[in-house]
Amino acid sequence: MSNPHAPDRPPAPDPAPVAGEDAQAVTRTKEPDEPDSEGQEPPSPVGRLAATVERLRREVQKAQAEADGRALIELAKGILVERLGCGPSQAARQLAELTGQAGVTALEFAVEVINQAARDRLSDVTTALLETTDHSDATDPPGKGSFAVRLRTAESGALAAHDTQAVADSLLEHALTPLGAEAVAIWALGADGSLALAGSAGFPAAEAARWRYVPPGVVTVARRGLGERTGQWIGCLSETGLPSIGRSHHPDGGRVAVPAGAGGRIHGVLEIVWPTPLGPQPPQIVRQIEALAELCAHTLETYAPPRPDGDSQPGTLPDLTELMDLADGLHDPALVLVPHLDAVGELVDFRIHHVNTPFLDPAGRPRGAVNGALFLETYPMAAGESELFEQIERVYATGEPFRARRMRLTALVDDVPLAAVADISVSRHRGSVLLVWRMEDETARLANLLQHAQRLGRIGGFEENLLTGEITWNGQLYSLYGKPSSSGPVPLEELPAHAHRDDAVAIGRFLRTLLHHRRPASAAFRLQRPDGVTRHLRVVAEPVLDSDGRLFVVRGAYQDISAHHWTEVALAATRDQLAHSEQRASERNRLTLQLQHAIMPPAQAPLEAPGLRVAVRYRPAETQHLVGGDWYDAVVLPSGLVLLCVGDVAGHGIEAATSMVVLRNALRGLAVTGAGPGQLLSWLNMVAHHLTGAVTATAVCGLYDPDRHTLRWARAGHLPPVLVRGAEATPLPLIKGLLLGALPEATYEEQEVQLAVDDTLLMYTDGLIERRDRSVEESLAQLLLAARTVSPTLDQQLDRLLTYSKSDTDDDTCIVGVRVT
């Protein structure tokens, strides 16, 4: 938008013709005194006089149109002179050539040059309209620059006008009539919220006089337009029931009331009247009206509403001395803010023009560090958490004051946010804003917090003057005692009478320490309340001595610890029950271990057999309460064969231990039948499946023939034995065999291996090699590596394997070692 106060702008011309009209052409109309084609007699002298008046009116309009066109064309020539660095005649020739090339009128091309040079609000609106407007639309006459001419012509007329009334006439004639509007009113917003009719066109004089002033609080169409940025767009006035200027003449017409603001401040309202109902308007029409409202705002900036005495108030901004004196007279901190505009006239911040004497910065900064600074730079958080800056903008724009209680004021000091709570008051005084805050009383706030803390902690305070007998209790202490405040407090000497008789010794010790020895003391006791309820309380008190060392005041506090007491009781009962449960579990595990060790002791003497050396090792789990189901056996059968086996029952505890005993004894009994290891595992599978609880287990069973030095063996889901021969250690082939107890019946494959002198055969459970972080294959490879080192004796080799075992599952481990001699 062009600045109406710019000193270097040439005087604006009179209004231009309506868009679409050629400024150089006026249609000729037949004079009334000319004979018509039918040869009628000429009119009377009165008719000739009327025809002369009409001709003069058309000539005046033509002269005005030509003057408007010449003014805009001359302005475009001046722009070309400045841009091209040429003379006036050369600029005129250049303008004529460019006009011919563009195929438009000289007036339209001149307006285009002005828009390109101005880069203001009107040029931005015109550019957007040219990109979006359908030029065949009936709302805009044909011609690419028609609405651009209208807007610039209206601007010229407004700037050349001597008052707001002339501005209204120019807007209606050049910009609004082509849109179908019939009347326009320009309202000025007063500091008290009132509306004054600054100018109007299209209304009868009597109607405009009746609406000269609208008091604050009266809801009209214009006042509704102040509430929203886009204003009020009313299709039919009669449907709203709102009063407004010209309602009796245009009751069913459309209305538009758009706020007229500039530089972040709303100066008034532009109200436009259509004679017929108004439908939804395209965006280009909305933008034109918003641009016209901003043009009115620049005019209203210097509008002087009439005083009751008929004079006018000065149109310039008031002297800030008066407002600064007002701020200095306040007892609360106050800031005088003046608007800070950017290069294009938009409000971006407020400058702190003055701080009063009681000013106290929330961050503790001195007055000099705040005075003269920008508001958002001083209080950047005002634009975020509290929206204080947004409220200041709204007050400056509308003039409506703002009040808020307990709003946060946050300042940044060394990048650290410091916050305070205050009651806020914001008001506008002419072109400035007065911001006043009242900091919350810190003492009262802390006292309130203390009361809440005492209530939540069920704490009551007291003070007793031993010289005067005066006792002070707070309300929470009366609540703890179950007494009304009208009954009066209880002296410390009467405390035993309100306590349980079993707590008399503790109360007496507390009083002696406090009153006789004059030292701080505390005691826990049971309070017998008047309502029959017993509460557990703790009293803490300290003596206060005078300058002579005499006791004269005792102060302290009571706390209700009933919930804590009963929690301790419940915890004690839980601890007793837990200790009893742990004792029972420990006794059960002890009996289980005794059972396991009785059948299978951790250390066993070597088994002597012809041509064979057999050794066994059993290592219980490190976690004593996890009794496992690992088992082993090595026994010479009546047939002379040697039974060698290891197994692992799934699970832990007494159930696994008893299942292990059943399987071990069952296998010993089945082995005397002379059956092979595969048949023995088939029978043992039936035993495991039909045991109570469906026990599952793994096992390796072998029968060694001392005469032939052969070992027949079978496996049931267990790892195969390892054969150590010389410096090599290899596992036996993984023959088929399902784990015990999985199915009612199962068959097991057998294999025979020929052993030589000094061969060592290792049978073991998974507790020897099992690791949580590695696969079974990796763990078995480490066992084979360790087994290659042959020790002098079999016992030493088994002990070495147990020592260097890398198992980390804390499971039982069984090893049966067989060395051929």
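**Exercise 1. Place the helices that lie on the β19-to-β25 sheet.**

Solution. Begin with helix α19 (residues 654-671), which lies across β19, β20 (642-649) and β21 (697-705) and runs at about 20 degrees to β19. Helices (H or I, at least four residues) and strands (E, at least two) are DSSP runs, numbered from the N terminus; contact means heavy atoms within 4.5 Å; and axes are lines fitted to C-alpha atoms, for helices over the stretch in contact, with angles running from 0 to 180 degrees between N-to-C directions. Next, helix α20 (residues 677-689) packs on the sheet by touching β21, β22 and β25, and its direction makes about 25 degrees with that of β22.

The model is a predicted one, in which local features need pLDDT of at least 70 and side-chain atom pairs count only at pLDDT 80 or more, while totals for chains, interfaces and linings use all residues. Residues are numbered from 1 along each chain as its sequence is written, and side-chain values use heavy atoms, with hydrogens and water left out.

**Exercise 2. Work out the strand order of this sheet, then follow Thr710 across it.**

Solution. The sheet is open, with 5 strands in the order β19-β20-β21-β22-β25 and antiparallel pairing, where two strands pair if DSSP finds at least two bridges between them. Because β19 (629-636) and β25 stand at the edges with a single partner strand each, one side of each has no neighbour in the sheet. From one strand to the next, the twist averages 15 degrees.

Now take the pairing at β25: strand β22 (residues 710-716) is joined to it by 5 bridges and runs antiparallel to it, and Ala714 has Glu750 of β25 as its bridge partner. Thr710 belongs to strand β22 and is buried at 3% relative accessibility, buried meaning under 20% relative accessible area, exposed over 50%, and partly exposed in between (1.4 Å probe, protein chains only). Although 43 residues separate Thr710 from Val753 in sequence, the two are 5.7 Å apart in space, C-alpha to C-alpha. Leaving aside residues up to four places away in sequence, Thr710 touches Leu703, Tyr704, Asp705, Glu752, Val753 and Gln754.

**Exercise 3. Describe the other 5-stranded open sheet and the helix packed on it.**

Solution. Here the order is β13-β12-β16-β15-β14, again in an open sheet of 5 strands with antiparallel pairing. The edges are held by β13 (471-473) and β14, each having a single partner strand, so one side of each is left without a neighbour in the sheet. The twist from one strand to the next averages 20 degrees. Within the sheet, strand β12 (residues 459-465) pairs with strand β16 (residues 551-560) over 7 bridges in the antiparallel sense, and Glu464 has Val554 of β16 as its bridge partner. Helix α17 packs on this sheet, touching β14, β15 (534-545) and β16, and its direction makes about 140 degrees with that of β14.

**Exercise 4. Which residues of the largest nonpolar core touch the most other members?**

Solution. A nonpolar core is a set of buried Ala, Val, Leu, Ile, Met, Phe, Trp, Tyr and Cys residues joined through side-chain atoms within 4.5 Å. Of the 29 residues in the largest one, those touching the most other members are Leu171, Leu176, Val184, Ile186, Leu270 and Ile272. Two or more residues are given to this core by each of α6 (164-176), β1 (183-189), β2 (195-201), β5 (255-262), β6 (265-273) and α9 (283-300), and the largest share, 8 residues, comes from α9. Among the residues that Ile186 touches are Leu171, Leu197, Leu270 and Cys296, and Cys296 is itself buried, with a relative accessible area of 1%.

**Exercise 5. Where do the buried residues of helix α22 point, and what covers them?**

Solution. In helix α22 (residues 794-803), the buried residues are Leu794, Asp795, Gln797, Leu798, Leu801 and Leu802. Seen down the axis of α22, these fall within an arc of 165 degrees, so they line one face of the helix; the arc is that of the directions from the helix axis to the C-beta atoms. Their cover includes β18 (612-619), β23 (722-725), β26, α21 (776-787) and β27 (813-820).
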